[in-house]
Amino acid sequence: MSLSISKALRQCATLITGFVLAASASAQTYPSKPVTLLVPYPAGGLSDVIARTVNNSLSKHLGQPVIVDNLGGASGSIAAQKVLNSPSDGHLIFQGSPNELILAPLAISAIKFKSEDFRLVQMIATAQIGFLARSDLPVNNVDEFVEYARKAAAQGKPVTYASVGPGSFYHLLGEHLSKVTGIPMIHVPYKGAAPAEQDLMAKQVDIFLAPYGKKYLELHKTGKVKVLAMLNPTRLDGVKDFPAISESKSLKNFTFNIWTGYFVKKDTPEPVVVAIHKAITETLKEPTIDAALDTNSLLTPPPLELNAVAKAYADGTAQFRAIAKSINLEPQ
């Protein structure tokens, strides 16, 4: 072996050792400062509720304060890009879903990141979807809504539906609703669920296929919004006051939900990912956290091991891309 090759091998070994030691040090020192939990929507929506349910417990398990930061806009992609522009050290955790990381890049041409730029660390909860309508809409169930929407479109006054932004899951649901019924509808995008909900209560938009929280039960009872159905295949215990969409005649197969998880940049050191995964998993095991998520009608699956988390993200990516393809989603 020549001296130059031997020297090169020694240098390579030194570099590898350095990387291993750096990764080990990052695990031992992580977190070395407060951790930010970045929520891609304004305060007041269900995403914000999830973050503020888990952040204090997560702080206990990480040994550092966990600060909730709300940054809405562009279907959640502004917050997602902030994560990619930050160091890969685990001090900025993204609370995301297929909505921001899979669908938004497919629908908004200005978004340059890909779902593969992020790594899912742990699943948190699955949100049910409510079929919400403004309080004065002259319908009381889904079938009546379909008939009303058909007549309104024929009169040149299509119904409007809210979403949390172009390319969002809720935008796709509205487009899919329009496609399966054959009824033209007008999309009205917002920066998050909270402002969409406000305009629904103000009667500025007709319907909102929204991530469901228990607050909608009170809003329904007080006549501020109508909950026409839940997009579930059967009535679930926490929402038995409302029919499942499967009980309708016109949209019995229109069943959907969406999950939320915690993400980091894909090149975050493995020891840091393991530390975050462990802290989140321990948080989710706490009975008070499970009860709080259940109070908001969130479905909480058992925490997954890291290899199962990776598979769930890959499967989810394929599923949501198929939904986007089914309605011929075009970048805007």
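**Why these words fit this structure**

Reader: Which residues does Thr 160 touch, not counting residues up to four places away in sequence?

Author: Thr 160 touches Ile 186, Val 188, Gln 204, Val 205, Asp 206 and Ile 207, with residues up to four places away in sequence left out. "Touches" here means contact, that is, heavy atoms within 4.5 Å. A word on the background: this is a predicted model, where local features need pLDDT of at least 70 and side-chain atom pairs count only at pLDDT 80 or more, while totals for chains, interfaces and linings use all residues. Residues are numbered from 1 along each chain as its sequence is written, and side-chain values use heavy atoms, leaving out hydrogens and water.

Reader: Why is Thr 160 called buried?

Author: Buried means under 20% relative accessible area, exposed means over 50%, and partly exposed is in between (1.4 Å probe, protein chains only). Thr 160 has 16% relative accessibility, so the word buried fits. Thr 160 sits in strand β5 (residues 160-163); strands (E, at least two residues) and helices (H or I, at least four) are DSSP runs, numbered from the N terminus.

Reader: And what makes Thr 260 buried?

Author: Its relative accessible area is 12%, so Thr 260 counts as buried. Thr 260 belongs to strand β9 (residues 257-265), and among the residues that it touches are Ile 50, Met 123 and Ala 125.

Reader: How do you know that Lys 203 is partly exposed?

Author: Lys 203 has a relative accessible area of 42%, which means that partly exposed is the right word. Lys 203 is in the loop between α7 (193-201) and β7 (207-211), and has a positive phi of about 65° although it is not a glycine.

Reader: Where is Ser 75 found, and is Ser 75 buried or exposed?

Author: Ser 75 is in the loop between β2 (66-70) and α3 (77-84). Its relative accessibility is 1%, so Ser 75 counts as buried. Ser 75 also has a positive phi, about 55°, although it is not a glycine.

Reader: What makes two rings an aromatic pair, and what is edge-to-face?

Author: Rings of Phe, Tyr and Trp (its six-membered ring) pair if their centres lie within 6.5 Å; planes under 30 degrees apart count as stacked, over 60 as edge-to-face and the rest as tilted. This rule gives 12 aromatic pairs. One of them joins Phe 131 and Phe 145, with 5.3 Å centre to centre and 70° between the planes, an edge-to-face pair. Phe 131 is in strand β4 (residues 118-134) and Phe 145 in helix α5 (residues 142-154), so their pair ties together parts 14 residues apart in sequence. Phe 131 is buried at 0% relative accessibility, and Phe 145 is buried with a relative accessible area of 0%.

Reader: Why is helix α2 called roughly antiparallel to α10?

Author: Axes are lines fitted to C-alpha atoms, for helices over the stretch in contact, with angles from 0 to 180 degrees between N-to-C directions. Angles under 35 degrees count as roughly parallel, over 145 as roughly antiparallel, 65 to 115 as roughly perpendicular and the rest as oblique. The axes of α2 (residues 46-62) and α10 (residues 287-295) come within 10 Å and cross at roughly 175°. Therefore α2 is roughly antiparallel to α10. The residues in contact include Ile 50 and Val 54 of α2 and Ala 292 and Leu 293 of α10.
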